[in-house]
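These are my notebook entries on a structure that I examined by chain, by residue and by contact. I wrote each entry after looking up one topic.

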Amino acid sequence: MSVPVSSQRVASGDVMLSVYRRGDARRPTVLLVHGYPDNATTWQPVADLLAADFHVVTYDVRGAGASDRPGARAGYRLEKLADDLAAVIATVSPGVPVHLVAHDWGSIQSWEAVCRDSLQARIASFTSISGPGLDHAGTWLRRRLLSASPRAWREGLGQVLRSWYVVFFHLPFLPALAWRLGLAGLWPRLMRRVEGAAVPAAARPAAQRRADGLAGLDLYRANFLPRLWRPQRRTTRVPVQLLVPVNEHYVSPHIHDDLPDAVPRLWRRELAGGHWPQLSRPQAVASCVAEFVRFAESGDEPLSLRRVRVAGGAGRDHGRLVIVTGAGSGIGRETLLDFAQRGACVVAVDISLMAAERTAMLARLLGAEAHAFRVDVGSAAAMAAFAAECEHLLGAPDVVVNNAGIGMAGAFLQTEAADWERLLGVNLMGVIHGSRLFGRQMVAAGKAGHIVNVASAAAFSPNRAMSAYATSKAAVFMLNDCLRAELAAQGIGVVTVCPGFVDTAISTSIQFLGVSEREQARKRSASQRLYQLRNLSPKTVAAAILAAVDSDRAIVLVGIEAWSMRLLQCLAPWLTRAMARIDPTP
Amino acid sequence: MSRSPVSPAALTTEDLDGFRRVQCLAYDCAEAVAADMRPGMTERQVAAQMKCWLLDHGVTDWFHQPFAWFGDRTAFHGFSGLGHLKGFNPAFFPSSRRLEAGMPYILDCAPTVGIYTADIGYCGCVGASPVLDQLMDDLLEYRALILALVRARRPLSEVSQAVDALCMRHGYEPRHKAYPFQVLAHRVEKLDPADKPLSIFRFGARNIRELLRDVVIGRREGWSPLWSSGRASNHPPTPGLWAVEPHLGYRGTGAKWEELLVVTEDDAFWLDDDVPHMRRGAIRGVREQAA
């Protein structure tokens, strides 16, 4: 199973470094640089995956693994670490630029190399994971703390709090004591518990971990204060891909927000999970790296990469893919446009291609990339084909809003089997197919996104005239409660939306069962008037959906009627049963 | 004392020419002022320039004095809800909002020359605005739709509802609903030459009096001079002149035009087809097309 590895020693100044190679040396070289308190073994899962297509090189940075330890603290300065990187590149890929992938301290020292003029031509691309350049971080922090905006302060202080361990590492004795007293032995268990990461067998020996942990403290002590105190302006022409873990304990995702100023060719992707994605999601990391390397080699930017390119003035959803069903009108359209306005790439799905195209056109007016599809969400085959095409074209989504729905009113005994099939097909199976197909894509891609399923206040408001509709929505409600529990471990949030009486196309197309055409038209126009009188706009629901996604809420009630019915259902269920006997249809 | 609203017989060719001349003058004013608009100017400055230009060109009275809206005020953002005051909102009056590059704007003026009044709306942008371009292109569809339905003698409330439905289909907000009484259009009458001009809160007393007179007569005869989607407009098109002003809003950008529609006993036509938005449509290759 494991890929053959050859090792060699490379001299850099007065230290010797241990370098390990996998794969065919004629292929493009991918150089993986580890962080603290790791050594080259941390890359084993990712390196094995990449070795099939690339010449993969890892090395123990000075002070770690089998490489030499410099005598003095000054030997750990970033300049020396960048020299090491240059020496390794010169040995493993003389003449041909390499693709750099680095994590944590490895990424910090790689930024040093990537921003160094003499090295830029030797690096074809850089994938940075959880390690901002110290100069960039220092500039960022300074801007935040000197700003008058409370939000900037919150972001700045958030990072300071996450950096508690940096302060700890600067204390005398204590950090060394922690390593000596058994932190090294506990490490694999801590990683599994806190980070959900499996430490490879080769990286388990406690003695090595202890030695790496002790020596590497000088990385912090030699570099942090001078760089953060006097950050320099550092820029690079190398294309940079940021892989940002969203549940990171040590680096704030905001710390990269100012990077476009320094890095004109920048891509940014978010990954589910914590600080060690190379161990918790090696597959996702390997495929992001492979895609970026292929792009840097060929110059052909695939759509999935173009979407995550960080352009100037990008909104908070820039780089995210949002799919909305029933996007041709009402809540679906407004939700899609809200996401588009925040920079997301959006996919409008509707039973009417014309309506979906119109929504996509409106989204493009807001500067977003938008696509339109005609799909019958109730058809398993059509949805499967759509999901496959969408994944091929754009990759896995970050947010899926299963919103498509139809309205139906009438007595249960007059509801025919065909009516049930039609209604459940769209309102329930549509939601099931969307959650199922795109949920799988999100898990496979390690996306910590959201599935938003639009139910209704009818889900908890029984009524004699709404048996079919309310049943379909109650089913969606329960489905979401189960799904949320299942997907929590993957970092995927599930949002249930329960709007009250919203004035949308559904109100004008409700099917009233068991009445003549003429009566149907009269009831429709009468009910539409009631909806207009209520005047709850799809925009309000869309805003609530975005707020729920931002704050990861489980259930969203929109409108006083939704709130009251939910409250009644909890406090006085007998009253909801009594009210269910009233026929509200006009 | 009270006169009937203008019957088709009462609107002579000469009258229509008179109305057309004022409408043309009003659009000339909007185009002239728009050509000189620069970033940094305020709504008040621009409205004052329009007033000045019109007074210099023989205008003697107003239906309302010029309005100017910049930026998201073109879509009446924040004008709605409780603070909206049913359209009687001081926020409509020109403010100190300054024009910036890329900002859309709307100029709206309703001058009277002699006994003839026009009411026009003109929009543009300092720089490029793809949203405004799209709104303007789509607005031509409303022009065709309104004329087609009025010619088909559909009740005016139904025409207004069709406009609302088209807005929904397009994904726009019908922002004319922010106007007083949510009007899509209102009547414009020939004035009594004997009356003296007087402006109250930027509105011309003579024109408003005609409108109120129409309200009284309309109530007796079963029609309303304020054309909206409501029940009061559930009557066939009333002969006379209507200032029609569909106003679309999309995410902080608003666009409108306003022009006079001539309704006769059995037909209807736009007073003038040579208006800026039609010329613009011809240049962009957008044709009027009824939905």
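The entries below record what I looked up, beginning with the kind of model.

**Entry 1: The model**

I noted at the outset that this is a predicted model.

**Entry 2: The contact between the chains**

I first asked how many residues each chain brings to the contact. I found 13 residues from chain B and 16 residues from chain A. I then looked up the area: chain B and chain A bury about 1,200 Å² between them, and 50% of this area is on carbon and sulfur atoms. On the side of chain B, I recorded that B:M168, B:Y250 and B:R251 supply 51% of the area that this chain buries against chain A. No other three residues supply more.

I next turned to the charged pairs. The rule finds 3 salt bridges across the interface of chain B and chain A. A salt bridge joins A:D338 to B:R251, with the closest N and O atoms 2.5 Å apart. I also looked up the polar contacts across this interface, and the rule finds 9 residue pairs, both residues being at pLDDT 80 or more.

Which helices of chain B each supply at least two residues of the side that touches chain A? I found α3 (130-151) and α4 (156-170) of chain B. The largest share of that side, 4 residues, comes from α3(B). I sorted the residues of the side of chain B that touches chain A and obtained 5 nonpolar, 3 polar and 5 charged.

**Entry 3: The nonpolar cores**

I recalled that in soluble globular proteins, nonpolar side chains tend to be buried together. I therefore looked up the largest nonpolar core, which has 106 residues. B:L107 and B:W227 are the residues with the most contacts inside this core. The element that gives the most to this core is α3(B), with 11 residues.

I followed B:L107 further. Beyond its neighbours within four places in sequence, B:L107 is in contact with residues including B:A30, B:A34, B:M37, B:V46 and B:M50. The list for B:L107 also includes B:F67, B:I120 and B:Y122. Apart from the largest core lies another core, of 35 residues. Among its residues I noted A:V15, A:V19, A:A82 and A:V240.

**Entry 4: A helix of chain A**

Is helix α3 (residues 105-114) of chain A largely enclosed or open? I found that 10 of its 10 residues are buried, so the helix is largely enclosed by the rest of the structure. The buried residues of α3(A) include A:W105, A:Q109, A:W111 and A:E112.

**Entry 5: Three buried residues in helices of chain A**

I looked up A:R144, which is placed in helix α5 (residues 134-145) of chain A. Why does A:R144 count as buried? Its relative accessibility is 10%, and buried means under 20%. A polar contact of 3.2 Å joins the side chains of A:R144 and A:D258. Not counting residues up to four places away in sequence, A:R144 touches A:A152, A:W153, A:E155, A:G156, A:D257 and A:D258.

I then turned to A:R209 in helix α9 (residues 206-229) of chain A. At 5% relative accessibility, A:R209 counts as buried. A:R209 and A:A184 are 25 residues apart along the chain, and their C-alpha atoms are separated by 5.5 Å. Neighbours within four places in sequence aside, the contacts of A:R209 include A:P37, A:D38, A:W179 and A:A184.

The last of these residues, A:Q441, is placed in helix α16 (residues 417-445) of chain A. A:Q441 counts as buried at 6% relative accessibility. Leaving aside neighbours within four places in sequence, I found A:Q441 in contact with A:A387, A:A388, A:E391, A:G395, A:A396 and A:P397.

**Entry 6: Backbone details in loops**

I looked up A:P37, one of the contacts of A:R209. A cis peptide bond joins A:Y36 and A:P37, with omega about 0°. A:P37 lies in the loop between β3 (29-33) and α1 (44-50) of chain A.

I also looked for positive phi values. A:D552 has a positive phi of about 55° although it is not a glycine. A:D552 lies in the loop between α20 (538-551) and β17 (555-558) of chain A. B:Q182, also not a glycine, has a positive phi of about 55°. The loop that holds B:Q182 runs between β5 (173-174) and β6 (185-188) of chain B. Is B:Q182 buried or exposed? At 42% relative accessibility, I recorded B:Q182 as partly exposed.

Terms used:
Residues numbered from 1 in each chain as written. Chains lettered and ligands numbered in written order. Predicted model: local features only at pLDDT ≥ 70, side-chain atom pairs only at ≥ 80, totals over all residues. Heavy atoms only, no water. Buried < 20%, exposed > 50% of the residue type's maximum accessible area, 1.4 Å probe, protein only. Contact = heavy atoms within 4.5 Å. Buried area = accessible area lost by both parts, 1.4 Å probe. Salt bridge = Lys/Arg side-chain N within 4 Å of Asp/Glu carboxyl O. Polar contact = N/O pair within 3.5 Å; in protein donor to acceptor, adjacent residues only side chain to side chain. Nonpolar A, V, L, I, M, F, W, Y, C, P; charged D, E, K, R; others polar. Core = buried A, V, L, I, M, F, W, Y, C linked by side-chain atoms within 4.5 Å.
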